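Here is a quick tour of the model in front of you. Have the viewer open as you read.

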Amino acid sequence: MVRQDKPFTAPEAPLSGQCVITRKIAVAEGVFAPGHLGELTQIVPFEMVDEVLIECGATQQRLRKLPARVVVYLLLAAALFEECGYPAVWSKLTGALGSLPLPKITATGLWHARCRLGVRPLRALFDLLRGPASAVRTAGARWAGLLVVAVDGTYLDVADDPDVRAKLGKGANQYTAASGYPQVLLIALVACGTRTVIDAVFGPRKPGEPVLGRRLMRSMRQGMVVLLDRGFATNTFLQAVDDTGADFLARLSAARKPPVLRRLDDGSFLSRIGTVEVRIIECEIAITTAAGRHTGVYRLATTLLDHRRCPAFELVRLYHERWGATRSRTRLSELPEGGRQLLSTG
């Protein structure tokens, strides 16, 4: 493998009776050349990572054991091996390089490298890679011509140290003012057909999902139908979704009883939530689990007002797509025995 950070040009002098195709390729130098760090460098090209580092001013100022580019791939790998600490992730990332002269890296060295990198390069890389492009072209990603997306949130445990507690606080219950690990709230906008993450935001538990989730409005647009659980079905949040031009299909809490303005032939009725004109669908859903069969009444609100083009029964079936989409991030919130910390900070 050629290991250099400059263009490589094939010889241009042809042999007798042969033709030569000349092209330029860029390859990275050293032990951490593309291919040496596994499939990640095939999925996220090193040229893209380098451009992000330059744009964010995060390229290392002097030669280090761990170049900034390598730290980016370390953090990407950490997301794949979430059950491992950084030293174990490093071992997996470099497991095929046993015959090459690897620098000795300690856990402290990995932590300092991560702190030097900061959050801006990863945020910029996420903005380059995220989006509904693949979902738009996938069969089953649309319903009635609309891209089907869902919003959902989960909580992630982080390191319990004084600085983190000062920023995030801790959970409380009736027995104690503070308990458990500090937590970060993650809210994602997911394409239901492919489970592609279109956008995601992080923040403290307070002021809650509907407030933090409003930052996802930047990625909503006309031509989408957004599926929402009752935790997001506040007047302010629904109004904000409507203002983006996207439609929504949201479950309302049992306590909310919107006024009946006009009943429609499919059993739904027109109503209003705040200043948004909506259609309300009431249905009984039965769920069978190992514990038995449970039934409950669901009340859905949508801005899809045409009951002929979007019948109530079809919208109820569509809402089931939200549960499929939330499984794309379910593993983020699963804690094995012992309460392992899912995220580290620093």
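## Where to be careful

Start with a shaky patch: residues 328–346 keep a pLDDT under 50, and the model gives this stretch 43 contacts beyond four places in sequence. Keep in mind that this is a predicted model. Where pLDDT is low, the coordinates shouldn't be read in detail.

Across the chain, pLDDT averages 78, with 75% of the residues scoring at least 70. Residues 1–11 are another stretch with pLDDT below 50, and they have 35 contacts in the model beyond near neighbours in sequence.

## The largest core

The largest nonpolar core is made of 33 residues. Val 151, Ile 187, Met 220, Val 226, Leu 228, Val 241 and Phe 248 have the most contacts inside it. Elements that each put in at least two residues include strand E4 (146–157), strand E5 (183–191), helix H10 (235–243) and strand E11 (276–289).

Want one residue to click on? Phe 248 is a good pick: leaving out residues up to four places away in sequence, Phe 248 touches, among others, Val 226, Leu 228, Leu 238, Val 241, Val 278 and Ala 301.

## A second core, and helix H6

There's also a second, separate core of 27 residues, with Cys 56, Val 70, Val 72 and Ala 124 among them.

Which residues of helix H6 (residues 120–129) are buried? They are Pro 121, Ala 124 and Leu 125. Looking down the axis of H6, these buried residues fall within an arc of 100 degrees, so they line one face of the helix. The cover over the buried residues of H6 includes helix H2 (46–55), helix H3 (68–80) and helix H5 (107–117).

Conventions:
Residues are numbered from 1 along each chain as its sequence is written. This is a predicted model: local features need pLDDT of at least 70, side-chain atom pairs count only at pLDDT 80 or more; totals for chains, interfaces and linings use all residues. Side-chain values use heavy atoms; hydrogens and water are left out. pLDDT is the predictor's confidence in each residue, from 0 to 100. Contact means heavy atoms within 4.5 Å. A nonpolar core is a set of buried Ala, Val, Leu, Ile, Met, Phe, Trp, Tyr and Cys residues joined through side-chain atoms within 4.5 Å. Buried means under 20% relative accessible area, exposed over 50%, partly exposed in between (1.4 Å probe, protein chains only). Helices (H or I, at least four residues) and strands (E, at least two) are DSSP runs, numbered from the N terminus. The arc is that of the directions from the helix axis to the C-beta atoms.
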